[in-house]
Amino acid sequence: MRLTIFLAEAKLLDKVTPIYDYPVVREYIGAINDGKVSFPALELEPGVIMLESGDIMNKFAVENGVDPATCWVLNYFNNGMMKSFGALFKAKIEAAGGYPEASAWLSETTGVKLPEAEEGRALKLE
């Protein structure tokens, strides 16, 4: 979420093609990164995937001359909403018995579902 906020605030959304955490994408990322999978992920070139939101944001910030400290929406999100949501979701994970159960609960409760997306694509440079 914070990467998306940063890219939007820095007017860099046209630099990426977003896709979602679908099984085929998860398998692809895991195969390339010795089993490690996290989202967001950025495919720098075929077979080279950068993980971790902060690393990806830093790459775009440096390449496009953007100082994330000047992105007030990003900072508002990081210092408020993200911390609050993270604490609540962590508590739900523990109460529900794990991440898959908490994620399923969140999807069922909010009605938020993954949109239809073409399989076999990863977040990539345009």
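The questions and answers below go through a predicted model and explain why certain terms apply to its residues.

Q: Why is W72 called exposed?
A: The word exposed is used for a relative accessible area over 50%, and W72 has 63% relative accessibility, so W72 counts as exposed. W72 is found in helix 4, which covers residues 72-96, and together with V73, Y76 and M81 it makes a nonpolar surface patch of about 490 Å².

Q: How do you know that R26 and D21 meet in a salt bridge?
A: A salt bridge needs a side-chain nitrogen of Lys or Arg within 4 Å of a carboxyl oxygen of Asp or Glu, and for the side chains of R26 and D21 the distance from N to O is 2.5 Å, so the pair meets the definition. A search of the whole structure finds three salt bridges, and this pair is one of them.

Q: Why are R26 and D21 called partly exposed?
A: Partly exposed describes what lies between buried, under 20%, and exposed, over 50%. R26 has a relative accessibility of 37% and therefore counts as partly exposed, and D21, at 30%, counts as partly exposed because its value also falls between those limits.

Q: What makes K36 and E52 a salt bridge, and which parts does the pair tie together?
A: The side chains of K36 and E52 are 3.1 Å apart, N to O, and because the limit is 4 Å, the contact counts as a salt bridge. K36 lies in the loop between helix 2 (23-32) and strand 2 (41-45), while E52 lies in the loop between strand 3 (48-51) and helix 3 (53-64), so the pair ties together parts that are 16 residues apart in sequence. K36, at 45% relative accessibility, counts as partly exposed, and E52, with a relative accessible area of 35%, is partly exposed.

Q: How do you know that E63 and K59 meet in a salt bridge, and where do they lie?
A: The distance from N to O between the side chains of E63 and K59 is 2.4 Å, and a salt bridge is counted within 4 Å, so the pair qualifies. E63 and K59 both lie in helix 3, four residues apart, which is about one turn of the helix. An α-helix has 3.6 residues a turn, so residues three or four places apart point the same way.

Q: Is K59 buried or exposed?
A: Buried means under 20% relative accessible area, and K59 has 17% relative accessibility, so K59 counts as buried.

Q: Why is the aromatic pair of F85 and F89 called stacked?
A: The structure holds two aromatic pairs. In the pair formed by F85 and F89, the ring centres are 5.5 Å apart and the angle between the planes is 10°; rings pair if their centres lie within 6.5 Å, and planes under 30 degrees apart count as stacked, so both conditions are met. Being four residues apart in helix 4, F85 and F89 are separated by about one helical turn. F85 counts as partly exposed because its relative accessibility is 46%, whereas F89 is buried, with a relative accessible area of 13%.

Q: What makes the pair of F89 and Y99 edge-to-face?
A: The ring centres of F89 and Y99 are 5.9 Å apart, with 85° between the planes, and because planes over 60 degrees apart count as edge-to-face, that name applies. F89 lies in helix 4 and Y99 in helix 5, so the pair ties together parts that are 10 residues apart in sequence. F85, F89 and Y99 form one aromatic cluster.

Q: How do you know that K92 lies over the face of W105?
A: K92 lies at 4.2 Å from the ring centre of W105, and this distance satisfies the limit of within 6 Å for a charge over a ring.

Q: Why are K11 and D34 called exposed, and what is the sign of phi in each?
A: Exposed means over 50% relative accessible area. K11 has a relative accessible area of 70% and is therefore exposed, and D34, with 80%, is exposed as well. Phi of K11 is near 60° and phi of D34 is near 50°, and each is a positive value in a residue other than glycine. K11 has its place in the loop between helix 1 (2-9) and strand 1 (16-17), while D34 is found in the loop between helix 2 and strand 2.

Definitions and conventions: Residues numbered from 1 in each chain as written. Heavy atoms only, no water. Patch = residues over 30% accessible without salt bridge, like charges linked within 9 Å, V, L, I, M, F, W, Y side chains within 5 Å. Areas by Shrake-Rupley, 256 points an atom, 1.4 Å probe, with all protein chains shown as cover. Helix = DSSP H or I, 4+ residues; strand = E, 2+ residues; numbered from the N terminus. Buried < 20%, exposed > 50% of the residue type's maximum accessible area, 1.4 Å probe, protein only. Phe/Tyr/Trp six-rings, centres within 6.5 Å; stacked < 30°, edge-to-face > 60°. Lys NZ or Arg CZ within 6 Å of the ring centre and 35° of its normal.
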